[in-house]
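I opened this notebook to keep track of what I looked up, one topic to an entry. I wanted the packing first, then individual positions, then the backbone.

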Amino acid sequence: MDVDGKIALATYIPADTFFGAPYIDSDEWRESPLPHRHVHGGFRDTDTRFTFYFPTEDSYDGRLFHPLEGAHAGHEDAFGGPMGDVIGGLALISRLGGYMIESNSGHIGDDIDPRGGDDPTLYGHRASVETARFSKHVAAQVYGAPPHHAYVWGGSGGGRRSPLCLEYGTGVYDGALPFMGGGEIAAHGVTTLMKGAQVMAFASMFNVQRLLRHQAAGVIDATRPGGSGDPYAGLTTHQREELANLYQLGYPRGDEFMIFSPMGQIWLWSSIADRLAAEDAEYFTAFWTQPGYVGHDAPDALADDILDVTTTVSRVVTGRELLTDPAYAGPEFGGLRVMASLMSAGPDLPMAIEVEGLGDGYRLGAGLQLVSGKAKGRQLYCMGHAGSLLSADGVAEANLLRFRDVEVGDEIHVDNRRFLAFCYYYRHHLMDEPAFDFLRPDGRPIYPQNRVPTMSPLMGVAYSGQYEGKLLWVHHTHDASLWPPQGLVYEAAVRAVRGPEAAAERFRLRWTENAEHIPPAYLPSAPDRATSTWLIDYLPVIEQSLLDLVAWVEQGVEPAGSRYEFRDGRVTLPATAAERGGIQPVVSATVDGGERAEVPAGTAVTLRVDAEVPPEAGTIIAVEWDLDGSGSFADPADIVGTPTAVSLTRTHTYPTPGTRFATARVWSHRDGDRDAVHRRIPNVASVRIVVT
């Protein structure tokens with residue numbers, strides 16, 4: 001491995017003529033997070049930047065891995081920072097025998113390339129493909145030969161764009177692993193802006209959150225293990241309608257807690273609000289003034305939530321202060337601290353403000369416009385709040401600067417009318433997808449319709465399903481950001497292009513049960529139950545799936561897909577491991593033979609867990625119980641690590657009254673290695689014990 005030689009650039013000619021000659025502005029050896037040559041640069045006359053990470057030869061097996069950042073991207077160092085640690089970072093790539101590359105997908109932050117304009121092909125795939133192509137030129141000088149295979153992968157926004165890289169990067173990539181992706185379908189070669197069903201879906205979710213926030217506990221409890229099963233109990237007619245619509249659009253049952261604890265979903269609103277207001281101004285006026293819209297027909301459904309206040313800033317708060325100031329240590333600030341810890345823009349960026357005098361209106365999604373001071377005119381949107389503290393984001397300059405140059409005493413206008421109208425957006429912008437058919441019985445829309453707007457160009461173009469190579473799609477059953485129906489879109493596209501049999505040669509869909517958009521360690525917990533007792537960390541599934549993709553591409557070993565049923569906006573997985581397939585253990589639990597037990601204090605209950613791994617998925621290597629909902633999982637069972645199925649029982653006595661959720665967490669491993677640190681595949685199952 002050449003660790004000191006100067007990289008020759010003159011012999012590389014970009015294949016895409018949009019890009020100027022490559023340049024390197026940093027080339028150095030780094031020891032952290034593991035020894036590697038760290039190369040940073042870009043392409044002249046563009047906003048495209050890249051970072052290459054070349055580990056030592058003893059951990060390199062000739063592969064290129066290109067992770068794509070989530071959301072809109074815009075950073076070429078995301079996987080070298082905290083976000084990279086969430087899904088494995090450079091250490092994961094080294095275990096896979098590769099070097100890692102990143103690009104900012106052709107733009108800086110949430111702003112567009114001035115020369116590229118609104119061209120979605122640039123941000124969706126072209127900048128990434130050219131970066132990967134150039135990295136092979138550099139790798140040939142570092143290692144003596146270019147990589148023999150290349151893989152592109154990513155989650156969320158990275159899951160949205162990684163299939164595009166495979167579709168339009170023929171000869172550059174050999175395989176792709178998107179997880180939690182989604183989008184619409186169009187003919188290969190499309191260059192127009194994309195429409196997005198998830199925009200409409202999030203609108204419905206935000207509306208349910210707003211309308212049911214005071215009934216949240218009942219809705220959540222009804223859908224937990226041993227609950228009533230009726231989340232509609234006690235709701236008004238309007239609340240029932242909106243919750244039913246949310247389910248019809250595909251919101252995952254069993255993850256109702258996340259409706260009322262939004263994370264990245266609200267970012268989408270902050271990133272598109274200005275665009276929607278410009279493209280669809282008629283809707284935001286009609287909502288309040290025309291028949292057929294709730295703002296006109298039923299203003300009482302909104303009156304108590306309206307905010308339209310001009311007030312002053314009393315404190316400007318950086319990400320670092322959110323993480324370290326004792327004033328923000330309380331649980332009400334937990335979600336804001338998580339977002340601050342994951343920010344790619346750095347901890348010293350002012351990302352929140354404190355204001356006074358807002359009243360009781362609905363804060364989430366509210367527009368925040370500075371009306372005095374150095375930042376006068378800047379428009380942001382509330383991403384999270386706790387009391388008088390508001391965090392915010394926006395697009396272009398607002399995304400890059402947030403509250404920089406804002407000072408105590410500056411005036412700010414807080415207005416949420418645009419967001420309240422957005423909460424009903426899904427009714428009036430029906431997509432062509434079947435999920436929206438319940439809003440157009442007999443093909444006729446129930447509500448007045450407006451033109452469906454386009455997504456940001458930073459999201460790329462529509463999928464075509466036409467590609468060379470292999471694609472393994474991983475989707476989650478409990479993802480509140482990219483709902484289960486979005487996991488079905490690409491499979492339908494590939495089958496339409498190739499037919500079912502030929503599609504199976506290039507495509508697999510693998511479901512992960514009980515997984516959210518981000519791991520539970522980064523999610524808030526309920527007051528009575530830790531998030532880790534109903535959700536799992538899906539990173540081991542992704543790492544094993546990347547290994548399976550490599551084996552499929554390089555050795556022809558076909559990966560296991562998952563079977564499922566889709567009906568009424570809901571994905572259901574088979575109850576047995578043999579029927580379900582995939583790689584995750586199937587787990588069920590009972591207490592005294594059922595999902596719920598009611599016993600006097602001091603009375604023993606019998607807990608049982610049954611678990612089985614799918615064929616060729618390895619063995620069960622660990623079973624552990626959390627008996628009180630704390631998430632401690634401090635009660636492991638004695639497992640030898642060789643069986644493919646286990647049935648275990650144990651007794652436990654609760655000495656004091658209260659409701660407990662007991663959870664069994666089961667781990668499997670492809671090689672049956674009980675001591676393995678990586679690729680330990682988890683699943684969970686819970687029961688309810690009511691102690692009187």
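The entries below follow that order.

**Entry 1: the cores.** I noted at the start that this is a predicted model. I then looked up the largest nonpolar core, which has 64 residues, and found that Phe206, Trp269 and Phe422 are those with the most contacts inside it. The elements that give two or more residues to this core are helix 5 (197-212), helix 6 (216-223), helix 7 (237-248), helix 8 (265-279), helix 9 (281-289), strand 11 (379-386) and helix 14 (417-422). Helix 5 supplies the largest share, eleven residues. I also recorded that another core lies apart from this one, with 49 residues that include Phe54, Leu122, Ala150 and Val152.

**Entry 2: phenylalanine 206.** I asked which residues phenylalanine 206 is in contact with, leaving aside its neighbours within four places in sequence. The list I wrote down is Gln265, Ile266, Trp269, Tyr362, Phe419, Phe422 and Cys423. Two of the names, Trp269 and Phe422, I had already met beside Phe206 as residues with the most contacts inside the core.

**Entry 3: helix 7 and its contact with helix 5.** I checked the length of helix 7 against expectation: at 1.5 Å a residue its twelve residues should span 16 Å, and because its end C-alpha atoms are 16 Å apart, the two values agree. Its buried residues are His238, Gln239, Glu242, Leu243, Asn245, Leu246 and Tyr247, and what covers them includes helix 5 and helix 6. Just after helix 7, I found that glycine 250 takes a positive phi of about 115°.

I then turned to the pair itself, where the axes of helix 5 and helix 7 come within 9 Å and cross at roughly 145°, in a crossing that is left-handed. On the helix 5 side I listed Ala201, Ser204, Met205, Asn207, Val208, Leu211 and Leu212, which meet His238, Gln239, Glu242, Leu243, Asn245 and Leu246 in helix 7. By type, the residues of this contact divide into seven nonpolar, five polar and one charged. For the spacing of such lists I kept a general reminder: an α-helix has 3.6 residues a turn, so residues three or four places apart point the same way.

**Entry 4: two positions with distant partners in sequence.** Is glycine 394 buried or exposed? Glycine 394 lies in the loop between strand 12 (389-393) and helix 13 (397-401), and because its relative accessible area is 1%, under the 20% cut-off, I entered it as buried. Its C-alpha atom is separated by 8.2 Å from that of aspartate 110, although the two are 284 residues apart along the chain. Beyond its neighbours within four places in sequence, glycine 394 is in contact with Asp110, Ser270, Gln379, Leu380 and Asn399.

Glutamate 279 has its place in helix 8, and with a relative accessible area of 28% it is partly exposed. I found glutamate 279 and proline 453 to be 6.7 Å apart in space, C-alpha to C-alpha, while 174 residues apart in sequence. With neighbours within four places left aside, the contacts of glutamate 279 are Arg451, Pro453 and Thr454.

**Entry 5: helix 17.** I repeated the length check on helix 17 (residues 539-555), whose 17 residues should span 24 Å at 1.5 Å a residue, in agreement with the 24 Å between its end C-alpha atoms. The helix is mostly covered, with 14 of its 17 residues buried. Glycine 556 follows helix 17 and has a positive phi, near 75°.

**Entry 6: backbone details.** I looked up the peptide bond that joins serine 32 and proline 33, and it is cis, with omega about 5°. Proline 33 is found in the loop between strand 1 (22-30) and strand 2 (36-43).

I also noted positive phi values in residues other than glycine, beginning with aspartate 45, where phi is near 65°. Aspartate 45 is found in the loop between strand 2 and strand 3 (49-55), and at 62% relative accessibility it counts as exposed. For arginine 402, another residue other than glycine, phi is positive and near 50°. Arginine 402 has its place in the loop between helix 13 and strand 13 (411-415), and with a relative accessible area of 10% I entered it as buried.

Technical notes
Residues numbered from 1 in each chain as written. Predicted model: local features only at pLDDT ≥ 70, side-chain atom pairs only at ≥ 80, totals over all residues. Heavy atoms only, no water. Core = buried A, V, L, I, M, F, W, Y, C linked by side-chain atoms within 4.5 Å. Buried < 20%, exposed > 50% of the residue type's maximum accessible area, 1.4 Å probe, protein only. Helix = DSSP H or I, 4+ residues; strand = E, 2+ residues; numbered from the N terminus. Contact = heavy atoms within 4.5 Å. Expected span 1.5 Å × (residues − 1). Axes fitted to C-alpha atoms, helices over the stretch in contact; angles between N-to-C directions. Left-handed = near helix turned anticlockwise from the far one by under 90°. Nonpolar A, V, L, I, M, F, W, Y, C, P; charged D, E, K, R; others polar.
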